[in-house]
Amino acid sequence: PRGTVVVLGIFAADLAFRAPRLPRIGETLLANGFELGPGGKGSNQAVAAARCGADVKMISRLGADAFGEIARALWGGEGIDLRFVATDDAAPTGAAFIYVDEASGHNAIIVEAGAAKKLSAADLGAAREVIAAADIFMTQLEQPIEAALAGLRIAKGSGVRTILNPAPAADLPDEVWPLCDYATPNESEAGAITGIEVSDLESARKAASALVERGVGCAVLTLGAAGVLVHSAETSLHIPAVDAGPVVDTTGAGDAFNGGFAAALARGEAPERAARFACAVAGLSVTRKGAARSMPSLEEATRLLARTGAAG
Ligand code: ATP
């Protein structure tokens, strides 16, 4: 069985400008490169989960514009169910300004969720039946928190397992944590949520314990090239990252992980095994440029796991 994953989240057209520095106010600077690509955490995660074999249903809002058409074409091409994707005539599709610092390769980003800012509890209520019938409900924090909370409540109330990727970092009400079977922050998000600076495995365990104390079923901390920590009241397991070749672009690594993790859980894999699979998915994604575009297929990830001997 493929398993069904319902994703609440946004699409954003990523507009990446490569330049030597940020312009000052009032200044116009010539860039040295531009790329337009599909982004948005929810969209990236949905694409990753679909490529990893899940039956994915998207809950989102787009504008009636060219970027919205790009989103629909992307999702449609991946076989993602668009019945709960609304089009708004009065608001733009999400977009992100990405400044890529030429010298360091580091970036600075402004995201505007656009029409997806209007995602509300009512949108989640309208999708109640598909959420309740899913294997996994997954969301992030680029759309309003009320929408995320509503989705998590419906899922939890129907016995559907939930994943919250608490990104970007935001102030969250205490009630959110007991609604999360899995919370998947990266190091800086885990630090922002718990107040514990995560710099190594020991501090990661402390932060993960703090999340479990707040009510999270299983804290899954992604640690970049150091892999992932899967931590619950019963177990604490460090899973190393998977080396799939030279690292080209880590954009979307976290999204690849979340999409792969959701797909594996949805088809019935245990959390530890699902996290191993997700590390292979993320490991492959960092060897390619782009976010949604860099997501590997189920076959690629499975082959890599078999080769690296971590499939068990
Ligand atoms: P991003 O913001 O770049 O999308 P993130 O900060 O959300 O990523 P990370 O913790 O950096 O998430 O990475 C997520 C997962 O991707 C890691 O748990 C790991 O499995 C994989 N990963 C990240 N960087 C590397 C790397 N250099 N080599 C192999 N795997 C990596």
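**Exercise 1. Place D101 and work out what its side chain does.**

Start with the address: D101 sits in strand β6 (residues 94–101), where strands (E, at least two residues) and helices (H or I, at least four) are DSSP runs numbered from the N terminus. Before going on, note that this is a predicted model, with local features needing pLDDT of at least 70, side-chain atom pairs counting only at pLDDT 80 or more, and totals for chains, interfaces and linings using all residues. Residues are numbered from 1 along each chain as its sequence is written, and side-chain values use heavy atoms, with hydrogens and water left out.

Step 1: check burial and charge. D101 is buried yet has no salt bridge. Buried is under 20% relative accessible area, exposed is over 50%, and partly exposed is in between (1.4 Å probe, protein chains only). A salt bridge needs a side-chain nitrogen of Lys or Arg within 4 Å of a carboxyl oxygen of Asp or Glu.

Step 2: look for the opposite charge. The nearest such side chain belongs to R21, 9.2 Å from D101. In this count Lys and Arg are positive, Asp and Glu are negative, and His and the chain ends are left out.

Step 3: find a polar partner. The side chains of D101 and S104 make a polar contact at 2.8 Å. That term covers N or O atom pairs within 3.5 Å; within protein, one atom must be able to donate a hydrogen and the other to accept it, and residues adjacent in sequence count only if both atoms are side-chain atoms.

Step 4: list the neighbours. Leaving out residues up to four places away in sequence, D101 touches A19, P20 and H106, contact being heavy atoms within 4.5 Å.

**Exercise 2. Do the same for E142, then follow one of its neighbours.**

Step 1: E142 is in the loop between β8 (136–139) and α5 (145–157).

Step 2: E142 too is buried without a salt bridge, and its nearest side chain of opposite charge, K41, is 4.7 Å away.

Step 3: now try the K41 backbone. Its nitrogen lies 2.8 Å from a polar atom of the E142 side chain.

Step 4: the contacts of E142, not counting residues up to four places away in sequence, include I10, G40, G42, A167 and P168.

Step 5: look at the last two of those. The peptide bond from A167 to P168 is cis, with omega near -5 degrees, and P168 is in the loop between β9 (161–164) and β10 (182–183). For background, most peptide bonds are trans.

**Exercise 3. Why does helix α1 count as largely enclosed, and what covers its buried residues?**

Step 1: take the tally. Nine of the eleven residues of α1 (residues 41–51) are buried, so the helix is largely enclosed by the rest of the structure.

Step 2: put names to them. The buried residues are G42, S43, N44, Q45, A46, V47, A48, A49 and A50.

Step 3: find the cover. This includes β1 (4–8), β3, β4 (55–63), α2 (66–77), β8 and α8 (253–266).

Step 4: step off the end of the helix. Just after α1, G53 takes a positive phi of about 100 degrees.

**Exercise 4. Go through some of the salt bridges and see how covered their residues are.**

Step 1: the structure holds 17 salt bridges.

Step 2: E27 and R21 pair up at 2.6 Å, N to O. E27 is partly exposed at 25% relative accessibility, and R21 is partly exposed at 32%.

Step 3: E269 and R267 form another, with the closest N and O atoms 3.2 Å apart. Here E269 is buried at 17%, while R267 is partly exposed at 25%.

Step 4: E300 and R288 meet at 2.6 Å, N to O. E300 lies in helix α10 (residues 298–308) and R288 in the loop between α9 (271–285) and α10, so the pair ties together parts twelve residues apart in sequence.

Step 5: look for a network. D55, K57, D81 and R83 are linked in one.

**Exercise 5. Find the residues of a nonpolar surface patch and place F34.**

Step 1: F17, L22, F34, L36, I70, F97 and I110 make a nonpolar patch of about 610 Å². Patches take residues with over 30% relative accessible area and no salt bridge, joining nonpolar side chains (Val, Leu, Ile, Met, Phe, Trp, Tyr) within 5 Å and like charges within 9 Å; areas come from the Shrake-Rupley method with a 1.4 Å probe, and for residues only the protein chains shown count as cover.

Step 2: F34 is in strand β3 (residues 33–39) and is partly exposed at 45% relative accessibility.
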